[in-house]
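Student: Could we take a close look at one part of this model, please? I'd like to see what surrounds a residue inside it.

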Amino acid sequence: IVQLGATLAEILTDEGREHGPALELVRETLATIVEPVASELAGLRRALLELQTKLARTLADFALLVDGLEALGDPDELLEAASLAQKRLQDPERAARLFERVLDQAKAEPNRGSQRWAGRLTKSIEGLVRLRIDAGDLGGATTLMDRQLAELEAPKGDSSGASQRRDVRARLLTEIGRITYRATGDVAAARARFDAALAENPDHAEARLGIGEILADSGALTEAEQQLESAVEALGLVRDQTHLVEGLVLLARVLEASDRNGEAYRRLTTALRHDPDNLAIRLAVVRNRCAAKRWRDALTAVDQLEQRVQTLRDEGRVLGPRDAELAAEMEAVAAECELEVKQPDKAYERLEQALAHDRNNRRALVLLVPWLQERGRLPEAAAHAVHLAETLDEPHAAGAAWVDAGMIFHEAAEDQAEGEAQSSARERELRREAFECVRRGIALVADSPTPVLDEVQLEIAFRASADHDRALALRCLERLLLHPSEAEHQLDLLLEG
């Protein structure tokens, strides 16, 4: 029965391309194999598990893919399962168990010192560290890495696998340096870790990438360029695509900061050839073309993104959360380019597309609000302005944004009132919305020692509050009168107050 099920599943997969039914048949066939597995069925069971992972990968069924990889149990398959559990299933506990399983296997392996052993050991430790960082436990992450570094010290008189141990220590020290810098911003502490990594292995290009990032952020562009050029050359020789792409993008950033957009563009396009599905690189290309005022080139790059998204939709798939954010930012930048080439309607379409990818994209919201205002679509503009205010974390910036939203609601109410003999329900609703936005905004900026709102914002806040909260309206008026203005206008405001 098991043999028949396996054969039929292979036929459905290879000849019929019926992946869904084939996967269901594989699962049903595996369910007929009871533990303990008889020796004559062990090979068939593994073949079925391999087919299950292949089909799950094709159908993007990540839960089933993780199950299959875990059941297969090889270290590399367990590492992939752990990464998927962390990134796709959002299951850090399962990911930790899988990483720990690989780490335990690596420590128990008799052939310690091989390159494969070093890679598995490092990836499992880095995975466990990343899980702690994602959980906000920076201290636990550092403690874990320091403990593993100590365990990698060779016993006295034991030189076996010394080169591989130094390589693993270099990789871990580099990871500690990255974590230290990105989590704390402590340049000196991070640089010390990178230098220690290079002391363990002078050819460790990833440590040079870390040093290059620190130097770039601190403005030491010439030295940063030297470190990154050296790292990129070394990574190209060993065909380390992941870190090569990272190095090229960092180097492009340094070149852009040195006003060498053309050189930066060449680096980015090289990176994109190595990793064509990497949306972070594509976004960097789009920004580079915008900085060079090559609006059409930027729009072409975004159009290529849209083709990819459509292909995913045709396959019944969608962008992941991070890629969706990057796609939204690209569409918003493309909208700016459309405005530069005098295509406002196309800009609006881009903005709508950006918010379809990520409704919280600030660049798109900032552009969309005035676009709608200019066309008299004030209630829509006000609603998006509210949404923009909700996305801001800094209290004073959020407060100003809430007042801006209130101003648009107030303007919408004034438009609604034109030509009406008496106040309508819709006008009253808009005025109430204006007041609520202003009230919330004033509360957020009240503790600021310096003025946050300008004269226009304060005057609208005063008028929007007048019918709902007279104390708030008078506080707005007091602040407004501190701004210099014509005496006649000030007298009108005082009389109204």
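Tutor: Happy to! Contact means heavy atoms within 4.5 Å. This is a predicted model, where local features need pLDDT of at least 70, side-chain atom pairs count only at pLDDT 80 or more, and totals for chains, interfaces and linings use all residues. Residues are numbered from 1 along each chain as its sequence is written, and side-chain values use heavy atoms, leaving out hydrogens and water.

Let's start from Ile125. Beyond its neighbours within four places in sequence, Ile125 is in contact with Leu103, Leu144, Gln148 and Leu172. Ile125 is also a member of the largest nonpolar core (buried Ala, Val, Leu, Ile, Met, Phe, Trp, Tyr and Cys joined through side-chain atoms within 4.5 Å), which has 72 residues. Together with Leu55, Phe99, Leu121, Leu128, Val129 and Leu228, Ile125 touches the most other members. The top contributor to this core is helix α13 (a DSSP run of H or I, at least four residues), spanning residues 241-257 and supplying eight residues. A separate core of 38 residues lies apart from it, with Leu351, Leu367, Leu372 and Phe435 among its members.

For a polar counterpoint, turn to Asn201, found in the loop between α10 (187-200) and α11 (205-217). Asn201 counts as buried (under 20% relative accessible area, 1.4 Å probe, protein chains only) because its relative accessibility is 17%. Leaving aside neighbours within four places in sequence, Asn201 is in contact with Asp167 and Ala170. With Asp167, the link is a side chain to side chain polar contact at 3.3 Å (N or O atoms within 3.5 Å, one able to donate a hydrogen and the other to accept it).

Notes. Buried means under 20% relative accessible area, exposed over 50%, partly exposed in between (1.4 Å probe, protein chains only). Helices (H or I, at least four residues) and strands (E, at least two) are DSSP runs, numbered from the N terminus.
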